[in-house]
Amino acid sequence: MRIYGTEPGEASIRRPGHTYAELVGGPLDGQLLDVTGWSAQQLLDGALLVCETGMHGPGGRSDYTAQEDGSGRLHWQGDTP
């Protein structure tokens, strides 16, 4: 799986001691996000991730938030400019 923030073709290597959440749905589906050190509340709040391929093109962001099921996955909520 590709890790969010790596360039296409760049090696996506999981670092020992790091925690990753899978991004589900939307333009970043299937990528991993390094959430090392995030609290449970930060996971629920989620992240607006820069995404060149989202609805708003370059500079747009995709909104991903966790579900309260503790699955360790962040689900796509939509895109924003």
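Reader: Where does Val35 sit in the chain?

Author: Val35 is in the loop between strand E2 and helix H1, which covers 40–45. One thing to keep in mind from the start: this is a predicted model.

Reader: Why is Val35 called buried?

Author: The word applies under 20% relative accessible area. Val35 has a relative accessibility of 6%, so it counts as buried.

Reader: Which residues does Val35 touch, leaving out those up to four places away in sequence?

Author: With those neighbours left out, Val35 touches Thr19, Tyr20, Ala21 and Leu43. To call that touching, heavy atoms have to come within 4.5 Å. One of these partners, Tyr20, also turns up in strand pairing, where Tyr20 stands opposite Asp34 in E2.

Reader: How far is Val35 from Pro16?

Author: Their C-alpha atoms are separated by 13 Å, and the two residues are 19 apart along the chain.

Reader: What about Ala40: why is it called exposed?

Author: For that label the relative accessible area has to be over 50%. Ala40 comes out at 60%, so it is exposed. As for its place, Ala40 belongs to helix H1. From Ala40 to Gln67 the C-alpha distance is 10 Å, with their positions 27 residues apart in sequence.

Reader: What makes Gln31 a buried residue?

Author: Same kind of check: the cut-off is under 20%. Gln31 has a relative accessible area of 10%, so Gln31 is buried. You'll find Gln31 in the loop between strand E1 (20–24) and strand E2 (32–34). If you skip residues up to four places away in sequence, Gln31 touches Arg2, Ile3, Tyr4, Ala21, Glu22 and Leu23.

Reader: How do you know that E1 and E2 pair?

Author: Two strands pair if there are at least two bridges between them. Three bridges join E1 to E2, so by that rule they pair. The two strands run antiparallel.

Reader: In which sense do E1 and E5 pair, parallel or antiparallel?

Author: E1 and E5 pair in the parallel sense, over three bridges. Val24 takes part here, with His75 in E5 as its bridge partner.

Reader: Why is His75 called buried?

Author: Its relative accessibility is 18%, which is under the 20% cut-off, so His75 counts as buried. His75 is in strand E5, residues 73–80. Not counting residues up to four places away in sequence, the residues touched by His75 are Val24, Asp63, Tyr64, Thr65 and Gln67. Thr65 also stands opposite His75 in E5.

Reader: What makes E4 and E5 a pair?

Author: Strand E4 (residues 61–66) is joined to E5 by six bridges, and a pair needs at least two, so the test is met. E4 and E5 run antiparallel. Their hairpin has six residues between the strands, and Gly70 there takes a positive phi near 70 degrees.

Reader: How many bridges join E3 to E4?

Author: Four bridges join them, and E3 and E4 run antiparallel. As one example, Val50 stands opposite Arg61 in E4.

Reader: What makes the side chains of strand E3 alternate?

Author: Follow residues 47–50: Ala47 and Leu49 point to one face and are buried, whereas Leu48 and Val50 point to the other face and are not buried.

Reader: Stepping back, which pattern does the protein follow along the sequence?

Author: Reading along, you get β-β-α-β-β-β. That comes to one helix and five strands.

Reader: Why is the protein called as compact as a globular protein of that length?

Author: Its radius of gyration is 12 Å, and the globule rule gives 12 Å for 81 residues; the two values are close, so the description fits. Along its principal axes the C-alpha trace spans about 30 × 30 × 15 Å.

Reader: How much of the protein counts as buried?

Author: Of the 81 residues, 30% do. The protein exposes about 5,000 Å², and carbon and sulfur atoms supply 50% of that.

Reader: How many positive and negative side chains does the protein have?

Author: There are 5 positive and 11 negative side chains, and the centres of the two sets lie 6 Å apart.

Key: Residues numbered from 1 in each chain as written. Predicted model: local features only at pLDDT ≥ 70, side-chain atom pairs only at ≥ 80, totals over all residues. Heavy atoms only, no water. Rg over C-alpha atoms; globule rule 2.2 N^0.38 Å. Buried < 20%, exposed > 50% of the residue type's maximum accessible area, 1.4 Å probe, protein only. Areas by Shrake-Rupley, 256 points an atom, 1.4 Å probe, with all protein chains shown as cover. Lys, Arg positive; Asp, Glu negative; His and termini not counted. Charge placed at Lys NZ, Arg CZ, Asp CG, Glu CD.
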